[in-house]
Amino acid sequence: MLRNLIGGALLETETPMDVINPVDETVAGQVAFAGIAEMDQAVAAAKAAFASWRATSFAERKAVLQAISKAISDNAEELGQLLIKETGRPIGVAQFEVQLATQFLDYAAEQVLEPEILFDEPTRRVEAHRNPLGVVAAIVPWNAPLYLAANKIGPALIAGNTIVVKPAPTTPLTTLRLGELIADIVPAGVINIISADNDAAAHAVAHEDVAKIAFTGSTETGRKIMAAAAPGLKKLTLELGGNDAAIVLPDADVKAIAPALFGFAFFNSGQVCAVIKRLYVHDSIYDALCTEIAGMASAFPVGDGADPAVQFGPIQNKAQYEKVLRYIDIAKQEGRIIAGGEAIEGAGYFVPLTVVADISDGAKIVDEEPFGPILPIIRYSDVDEVIARANASPFGLGGSVWSADVEAATAVANRLDSGTIWVNQHCALDPAVPFPTSKQSGLGVEGGREGLYAYTNYKIVNIAKGDAA
Ligand code: NAD
């Protein structure tokens, strides 16, 4: 049974919890499930560790983050296999996630936050400081447990904060194993990792000793967190749902771009916040691109990610699986299924890669986020009109424009309202590049220097000089 890391100790609880393997619904592993009492202990441990951690130098924090990154790299095989067990994802996707986690930690390790001199004049000297906030509660979803924990641990620690990490109830294995691997590397209480339910997470959000909430998850939960954080005016970073539009301009080379569009729509069986969820294709190439993408979707069966031949795994949990099946049923009424569309009999939460043509805005699977392997392909004829349609969504996480003419595509990208717009690519993540949110896709920024600043208290020291002194 995997244990919780609280105050440097690995703790069991009286509530063992089975984690379900979505491939066959057998037990993938067991964790010591924690509750509100353990959440309180974890917050107290993080609070106790804060004073000494904030006093460390950037070099000391860097060494700790590099040691965590090394622990992940040294155990990449085991962590990858655990990810496969709790998510069913293919080996390549699991390894990619492990690698991404180390990249984000390595980037954070290199950062320093020196005071900036804003003015140094005969009468005054004004300095801007970036100080740590205190205890960070990191609340993580199930679709990328390790990466989304690492991308919070890195900036939180390098800025001098301590942290309590809570993975999603259905995917605690890899994160708790990380806790075991780093228990002797990280000073006690600086990182605490506990497996707990939504109530314990909500308790952390409202806890008076938590200064900041770093949350990745659904927009619905994001709203609850924002409301619960209001009385304490806590600092928030909310990375929420997305409904990324990809716009294919008429000059695009259908055969050349189809594999990339397919890959960026169905990566991790569509369970990614920023994959293509609405594909707008110009009338002149609509039928040809539908044929190409449907052909690829039909050619890739879904299966057990532990099988090296499998490239697309199941839906991670039963509730999400049932939700995705409901969306597919609705899609049958709203459009024309050109690949997939039929539930797969037997154990496991498998949904075939599903492509829906002859569908438009206003349909549920276009306007909402199914968060599964369903791609609606929408016809358009006028570029101005399609920009307006893409922008009409309440979501604004990512988006992309595809064309043989990079300048033309960039001009369209500049008119789209989302945190990130990619040109001739999608969901290209880089720890040094900020990943902002907009509209109801969240609040604030993760990644890059901007994402690091979100873990700091911006403070001005304004000093009178000369006669005033
Ligand atoms: P979720 O909101 O159901 O759960 C996420 C986490 O929040 C879990 O750890 C859960 O225990 C916790 N939680 C639930 N209720 C809570 C409450 N009241 N207070 C505090 N914490 C609470 O999300 P999910 O279903 O696990 O993840 C899928 C969603 O995450 C999708 O909408 C997806 O788009 C989004 N997502 C966004 C990003 C991004 O960077 N913007 C990345 C990945 C996933």
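Glutamate 342 forms a salt bridge with lysine 332, with 3.7 Å between the closest N and O atoms. This pair links distant parts of the chain. Glutamate 342 sits in the loop between strand 14 (336-339) and strand 15 (354-357). Lysine 332 belongs to helix 11 (residues 318-334), and the two residues are 10 apart. Glutamate 342 counts as exposed because its relative accessibility is 54%, and exposed means over 50%. Lysine 332, at 33%, counts as partly exposed. The model is a predicted one.

**Salt bridges**

The structure holds 24 salt bridges. Side chains of opposite charge can pair when their charged atoms come close. The table lists three of the bridges in this structure.

| Acidic residue | Basic residue | Closest N to O |
|---|---|---|
| Aspartate 120 | Lysine 465 | 2.6 Å |
| Glutamate 385 | Arginine 389 | 3.3 Å |
| Glutamate 342 | Lysine 332 | 3.7 Å |

Glutamate 385 and arginine 389 both lie in helix 13 (residues 383-391). They are 4 residues apart, about one turn of the helix. How exposed is glutamate 385? Its relative accessibility is 35%, so glutamate 385 counts as partly exposed. Arginine 389 has 16% and therefore counts as buried. Salt bridges with shared partners also join Asp283, Asp287, Arg336, Asp358 and Arg379 into one network.

Aspartate 120 pairs with lysine 465 at 2.6 Å between the closest N and O atoms. The pair links distant parts of the chain, 345 residues apart. Aspartate 120 is in strand 5, while lysine 465 is in the segment after strand 22. Aspartate 120 has 47% relative accessibility and counts as partly exposed. Lysine 465 has 27% and also counts as partly exposed.

**The sheet with strands 5, 6 and 22**

Strand 5 belongs to an open sheet of 3 strands. The order is 5-6-22, and the pairing is antiparallel. Strand 5 (116-120) and strand 22 (456-464) stand at the edges. Each has a single partner strand, so one side of each is left without a neighbour in the sheet. Neighbouring strands here are turned by 20° against each other on average, direction ignored. Strand 5 and strand 6 (residues 124-132) share 4 bridges in the antiparallel sense. In this pairing, isoleucine 117 stands opposite glutamate 127 in strand 6.

**Strand 13 and its partners**

Is strand 13 (residues 278-282) mostly covered or uncovered? It is mostly covered, with 5 of its 5 residues buried. Arg278, Tyr280 and His282 are buried on one side. Leu279 and Val281 are buried on the other.

Strand 13 pairs with strand 12 (residues 245-248) in the parallel sense over 4 bridges. Valine 248 stands opposite valine 281 in strand 13. From strand 12 the chain crosses through helix 9 (residues 254-266) to strand 13. This β-α-β crossover is right-handed. Strand 13 also pairs with strand 16 (residues 374-380), again in the parallel sense over 4 bridges. There, histidine 282 stands opposite tyrosine 380 in strand 16.

**Helix 1**

Helix 1 (residues 36-54) has 19 residues. At 1.5 Å a residue it should span 27 Å, and its end C-alpha atoms are 26 Å apart, which agrees. The helix bends by about 30° at alanine 48. Its buried residues are Glu38, Met39, Ala42, Val43, Ala45, Ala46, Ala49, Phe50 and Trp53.

Note on methods
Residues numbered from 1 in each chain as written. Predicted model: local features only at pLDDT ≥ 70, side-chain atom pairs only at ≥ 80, totals over all residues. Heavy atoms only, no water. Pairing = 2+ DSSP bridges. Axes fitted to C-alpha atoms, helices over the stretch in contact; angles between N-to-C directions. Expected span 1.5 Å × (residues − 1). Bend = angle between axes of the 7 residues up to and from the residue. Buried < 20%, exposed > 50% of the residue type's maximum accessible area, 1.4 Å probe, protein only. Right-handed = clockwise from strand over helix to strand, strands pointing away. Salt bridge = Lys/Arg side-chain N within 4 Å of Asp/Glu carboxyl O.
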